[in-house]
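Colleague: I am new to this structure and would like to be guided through it. Could we go over the sheets and helices together?

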Amino acid sequence: MNVPLRVGVVARSVFPLHGYGGLERHVYDLVRHLAREGVLVTLITQPARQGVANSDNAPAGASAIFDPREADSGGRTAGASVHIMTVPYRTFPFAGRRGTTILDRSTAYPIFGERAGRLAWTLVRDQRLDVVHGLGASVLGYARRRARCTAPLVLNPQGLEEFGATDPSRARAKRAAYLPLRRAVLACARAADCVIATDRALEPAVLRHLHVSREKVRLIPNAIDIASIDRSTEPGAATRVRRTAGLGETDVVLLSVGRLEANKGFGVLVDALAALHTHGDPLAGRWRWVLIGDGPNRRTLELAIGDAGLREHVLLAGRLPDADLHAWYEAATLFVHPTLYEGSSLVTLEAMAHRRAVVASNAGGLPDKVRTGLNGWLVEPGRPDALAAAISGALGQPRDRLHAMGDASRHIVEQEFAWPVVTRTLLELYAELLA
């Protein structure tokens, strides 16, 4: 009888216990898809922020999060194969929003990593785990005990923000503030049997900052759940949201999705749209820029939109339910992601899964996904003129050409960035390390 593989996934946060973000969604999907392949997953994380989890180090109700009734097309479920354990994450009153500030990440986060990693080490010692898969500094305690452990350690350092890899403009300032966190991540990398780079653009940064050999680095991209996206797409939803916004089926909809922060480049897009609107073509007819998301830069954007005379052409939609978010993906003529720096950009992958052509910045992992002339256009970050030219060129394409580029987007996601593909790659990696 085959014994199921037992994997410990260690992460600071996971959706829905700790909100919605790139890391949280990645961990959630990673656990679900490993479990669907028959892996017994122990998720080690912090207690839920709103009472979902029980007391420290107790199961957090996996069936309530990874619904055992939710199955894929092969009938495989997740909840029955997932066990959640929690360790304390104690931040400080002056550290600001938990898990988001530099102060918190350089103090509470490494302490959490020591505790969570130590718990993973205990489970390995007791022969309850075969592989430990850690996100960032969350496996520090395991890394420090790696010499006494038999289970391989797979480390995904994510975007290496603490090293300035995804934000070169602030690299020097962040290097000083993030020193404790960098030391924790470096300790994890030294102890790891494999370090994952999520994008080709990130591979040089992993080698340079983490000081690991090239043989230890594997390119395994962050992925999205296409089946879930397809289930969330209601027939007629695109027409519904267009009508609600006062737009017809042929009116132009430019869609952007992301947290409203300066680094997302939405202010650059305001300048680009103002230039296009002033010149009339190609935005001479009815059009709308729909921006989905919220964040600290909202007021600044509102003022810039007003100053540019674009209020009637912009819908700041805020955070939306999944059904409405996916309806706008379907309703969009073009997806525009003007970020100044970026990691993997799951929202771009979501737009591609909805068969949208994309205009995006040539930053971070975006060149892995957006291929000029095939499914979109890449522009230099922070340049309104280049962004305006790319949008103008895209909207000047025949509709069937944009549809063909959207189909190419979907094909790229299905072949390279869908969770079943990435999960198979991970299982092959685990088997190789165990062998």
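Modeller: What follows is a short conversation about the sheets, the helices that pack on them, and one arginine. Please note that this is a predicted model.

Colleague: Let us begin with the sheet of seven strands; in what order do they come?

Modeller: The order is S3-S2-S1-S4-S5-S6-S7, in an open sheet with parallel pairing.

Colleague: Which strands stand at the edges?

Modeller: Those are S3 (82-86) and S7 (217-219). Each has a single partner strand, so one side of each has no neighbour in the sheet. On average, neighbouring strands here are turned by 20° against each other, direction ignored.

Colleague: How many bridges join S5 to S6?

Modeller: Two bridges link S5 (residues 153-156) with S6 (residues 194-197), and the strands run parallel. Leu155 is found opposite Val195 of S6.

Colleague: Which strands does helix H4 touch?

Modeller: H4 (residues 108-125) packs on this sheet against S1 (6-10), S2 (40-45), S3 and S4 (131-135). The direction of H4 makes about 150° with that of S2. Helix H17 (residues 419-434) lies across S1, S4, S5, S6 and S7, at about 125° to S4.

Colleague: Now the sheet of six strands: what is its order?

Modeller: This open sheet reads S10-S9-S8-S11-S12-S13, with parallel pairing. Its edges are S10 (314-318) and S13 (376-379); each has a single partner strand, so one side of each is left without a neighbour in the sheet. Four bridges join S9 (residues 287-292) to S10, and Trp289 has Val314 as its bridge partner in S10.

Colleague: Where does helix H15 pack?

Modeller: H15 (residues 384-395) packs on that sheet, touching S8 (252-257), S11 (334-337), S12 (358-361) and S13. The directions of H15 and S13 make about 170°.

Colleague: A change of topic: how do the axes of H10 and H13 cross?

Modeller: The axes of H10 and H13 (residues 322-331) come within 8 Å and cross at roughly 90°. H10 is therefore roughly perpendicular to H13. Among the residues making the contact are Val241 and Arg242 of H10 and Ala327 and Trp328 of H13.

Colleague: Is Arg242 buried or exposed?

Modeller: Arg242, in H10 (residues 237-244), is buried yet has no salt bridge.

Colleague: Which side chain of opposite charge is nearest to Arg242?

Modeller: That is Asp251, 5.4 Å away, while a salt bridge would require a charged nitrogen within 4 Å of a carboxyl oxygen. Not counting residues up to four places away in sequence, Arg242 touches several residues, including Leu247, Asp251, Trp328 and Thr333.

Notes:
Residues numbered from 1 in each chain as written. Predicted model: local features only at pLDDT ≥ 70, side-chain atom pairs only at ≥ 80, totals over all residues. Heavy atoms only, no water. Buried < 20%, exposed > 50% of the residue type's maximum accessible area, 1.4 Å probe, protein only. Lys, Arg positive; Asp, Glu negative; His and termini not counted. Contact = heavy atoms within 4.5 Å. Pairing = 2+ DSSP bridges. Axes fitted to C-alpha atoms, helices over the stretch in contact; angles between N-to-C directions. Parallel < 35°, antiparallel > 145°, perpendicular 65-115°, else oblique.
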